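Colleague: Got a minute to go through this model with me? I'd like to start with how the strands fit together.

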Amino acid sequence: QVPLVESGGGLVQPGGSLRLSCAASGFTLDYLAIGWFRQAPGKEREGVSCVSFRDGPTYYADSVKGRFTISRDNAKNTVYLQMNNLKPEDTAVYYCATDSSATCIYYRKNYQPGLERWGQGTQVTVSS
């Protein structure tokens, strides 16, 4: 079973935009924080952004601040990542995951046991 599903990836030119979606099935995201992560070929997975439960505080990696925006729509049980001014170095598989701390504590600590549920990933490729 894949309880968390990412979508919205694709091929885009530098400077372009994409919006990723993370949708839950079988459980509610209302009381969970959701983090976005990415992994490029040959690189370790890194945190990108996180939104706390009930639309609380958000967090961003330095490399994406000012370009990416995380948001959530609890009525749709979905979290979004709006990515603007994309760069080739943004190329990666993007994953969303639940953070059971509800306030992005485990995302900020990169504490893997607290990131309990993961999606299958969606490919983002930025190339001219």
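**Strands, sheets and disulfides**

Modeller: S4 and S9 run antiparallel to each other and share seven bridges. Strands here are DSSP runs of E with at least two residues, helices are runs of H or I with at least four, and both are numbered from the N terminus. Two strands count as paired if DSSP finds at least two bridges between them.

Colleague: Before we go on, what am I looking at, and how is it numbered?

Modeller: It's a predicted model, where local features need pLDDT of at least 70 and side-chain atom pairs count only at pLDDT 80 or more, while totals for chains, interfaces and linings use all residues. Numbering starts from 1 along each chain as its sequence is written, and side-chain values use heavy atoms, with hydrogens and water left out.

Colleague: OK, back to S4. Which residue in S9 is the bridge partner of Arg38?

Modeller: That's Tyr94. Arg38 also has a bridge partner in S5, namely Glu46. S4 and S5 pair antiparallel over five bridges.

Colleague: What's in the hairpin of S4 and S5?

Modeller: Six residues sit between the two strands, and one of them to look at is Gly42, which takes a positive phi near 75°.

Colleague: And the whole sheet, what order do the strands come in?

Modeller: It's an open sheet of six strands, S2-S10-S9-S4-S5-S6, and the pairing is mixed. Strand S2 (10-12) and strand S6 (58-60) are the edges, each pairing on one side only. On average, neighbouring strands are turned by 25° against each other, direction ignored. For those angles, axes are lines fitted to C-alpha atoms (for helices, over the stretch in contact), and values run from 0 to 180 degrees between N-to-C directions.

Colleague: How does S6 hook on to S5?

Modeller: S5 and S6 are antiparallel, with three bridges. Ser49 stands opposite Tyr60 of S6.

Colleague: Is S4 mostly covered or uncovered?

Modeller: Mostly covered: of the seven residues in strand S4 (33-39), six are buried. Buried means under 20% relative accessible area, exposed is over 50%, and partly exposed lies in between (1.4 Å probe, protein chains only).

Colleague: Pick a residue from S4 for me. What does Ile34 touch?

Modeller: Ile34 is in strand S4 and counts as buried, at 0% relative accessibility. Leaving out residues up to four places away in sequence, its contacts (heavy atoms within 4.5 Å) include Cys22, Cys50 and Cys96, along with Leu29 and Ile70. Ile34 and Cys96 are 62 residues apart along the chain, yet their C-alpha atoms are separated by 6.7 Å.

Colleague: Cysteines, good. How many disulfides does the search find?

Modeller: Two in the whole structure, where a disulfide is a pair of cysteine sulfur atoms within 2.5 Å. Cys22 and Cys96 make one, with their sulfurs 2.1 Å apart, and this link is right-handed, with 80° about the S-S bond. Cys22 lies in strand S3 (18-24) and Cys96 in strand S9 (92-99), so this pair ties together parts that are 74 residues apart in sequence.

Colleague: Are Cys22 and Cys96 buried or exposed?

Modeller: Buried: Cys22 has a relative accessible area of 0%, and Cys96 is at 0% as well.

Colleague: What does Cys50 join to?

Modeller: Cys104, with an S to S distance of 2.1 Å. Cys50 is in strand S5 (46-51) and Cys104 is in the loop between S9 and helix H1 (105-109), so they tie together parts 54 residues apart in sequence. Its torsion about the S-S bond is about -90°, so this disulfide is left-handed. Both Cys50 and Cys104 are buried.

Colleague: And the pairing, counted in sequence order?

Modeller: 1-3, 2-4, numbering the bonded cysteines of the chain.

Colleague: New topic. Where does S3 sit in its open sheet of four strands?

Modeller: The order is S1-S3-S8-S7, with antiparallel pairing. Strand S1 (4-7) and strand S7 (68-73) each have a single partner strand, so one side of each is left without a neighbour in the sheet. The twist averages 15° from one strand to the next.

Colleague: What holds S1 to S3?

Modeller: Four bridges, in an antiparallel run. Ser7 has Ser21 as its bridge partner in S3, and Val5 stands opposite Ala23.

Colleague: Which residues of S1 are on the covered face?

Modeller: Leu4 and Glu6, with Val5 and Ser7 on the uncovered one. In a regular strand, side chains alternate between the two faces of the sheet.
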